[in-house]
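User: I've got a model open and I'd like to talk it through with you. Can you take my questions one at a time?

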Amino acid sequence: MKTKLFFLPAVFLLVMSGCGKEVASNNETKKEVSAPKVEINLTQEEVNSTDGNANLGAQLLVRKAVLKEMEANKYTPEEEKELNSAIENLKLEFFLNRTASKNVTVSDEEVLATYKENGEKLKNADIEVVFPQIKEKIFLYKVNNEKINYMNSLVEKYRLNDKIKEYYKPVEEAQEVKAPEPTKDEKKVEASKPIESTTKAKKEKKN
């Protein structure tokens, strides 16, 4: 799962316009910017990966510059804790997505069926554009369900519900056992039975 990085157009403009221009206000003295001690370069492989797209090259250069600055950065204990937590969550999500997606497939029949179900909404849409989008949505939906199923299986595997009871010991309130309410059909049958007279009932009681 690749992480997409987005940068403001202004950043690209700054990188692509070169370093030869100086910016100063009317009343400010122009200051010379000292050249960085470490150069940020792209490898030939990275240049080739951009397919001649200068904006992609700019993204890579800015990313490398940020990573270089990060090397000298020091975090407080609280920041370290937050960072480690974020990394752990990222790894967890990556693992779940990878595990769930292994068992997920989307057939053309499913895509076509979904398209037909939403035919009125999509009647003016380009099929070549819509079909991949539908397939992606179905795929993500299935992956999400697989993730839930997988996590539920872990609840059973490691008996996590027992652990919850052990740690929190919920107070279980005794509930009165009641017979289930009769259904509508049962009520109709009951109402259709003949009512015996009081006299007959008394005779049977005496016997």
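User: To begin, how much area does the chain expose, and what share of it do carbon and sulfur atoms supply?

Analyst: Keep in mind that this is a predicted model. The exposed area of the chain comes to about 19500 Å². Carbon and sulfur atoms supply a share of that area equal to 55%.

User: What percentage of the residues count as buried?

Analyst: Buried here means under 20% relative accessible area. The chain has 207 residues. Those that count as buried make up 9%.

User: How many helices and how many strands does the chain have?

Analyst: Reading from the N terminus, the elements go α-α-α-α-α-α-α-α-α-α. That leaves the tally at zero strands and 10 helices.

User: Among contacts between residues at least 6 apart in sequence, what percentage join residues at least 24 apart?

Analyst: Take the contacts in the chain between residues at least 6 apart in sequence as the pool. The part of that pool joining residues at least 24 apart is 61%.

User: Which helix gives the most to the largest nonpolar core?

Analyst: That core has seven residues: Val106, Val111, Tyr115, Leu122, Val130, Ile134 and Ile138. Both α5 (108-117) and α7 (127-157) supply at least two of them. With three residues, the top contributor is α7.

User: Which residues does Val111 contact, leaving aside neighbours within four places in sequence?

Analyst: Val111 belongs to the largest nonpolar core, and its contacts include other members of that core, among them Val106 and Ile134. With the neighbours within four places left aside, the full list is Val106, Phe131, Ile134, Lys135 and Ile138.

User: Are α5 and α7 roughly parallel or roughly perpendicular?

Analyst: Their axes are 9 Å apart and the packing angle is about 110°. Angles of 65 to 115 degrees count as roughly perpendicular. So α5 and α7 are roughly perpendicular.

User: How many nonpolar, polar and charged residues does the contact of α5 with α7 have?

Analyst: On the α5 side, the contact is made by Asp108, Glu110, Val111, Leu112, Thr114 and Tyr115. From α7 come Ile127, Val130, Phe131, Ile134, Lys135, Ile138 and Lys142. By class, the contact has four charged, one polar and eight nonpolar residues.

User: Is Thr50 buried or exposed?

Analyst: Thr50 sits in the loop between α2 (44-49) and α3 (54-71). Beyond residues up to four places away in sequence, Thr50 touches Leu56, Gly57 and Leu60. Its relative accessible area is 8%, so Thr50 is buried.

Conventions:
Residues numbered from 1 in each chain as written. Predicted model: local features only at pLDDT ≥ 70, side-chain atom pairs only at ≥ 80, totals over all residues. Heavy atoms only, no water. Core = buried A, V, L, I, M, F, W, Y, C linked by side-chain atoms within 4.5 Å. Buried < 20%, exposed > 50% of the residue type's maximum accessible area, 1.4 Å probe, protein only. Helix = DSSP H or I, 4+ residues; strand = E, 2+ residues; numbered from the N terminus. Contact = heavy atoms within 4.5 Å. Axes fitted to C-alpha atoms, helices over the stretch in contact; angles between N-to-C directions. Parallel < 35°, antiparallel > 145°, perpendicular 65-115°, else oblique. Nonpolar A, V, L, I, M, F, W, Y, C, P; charged D, E, K, R; others polar. Areas by Shrake-Rupley, 256 points an atom, 1.4 Å probe, with all protein chains shown as cover.
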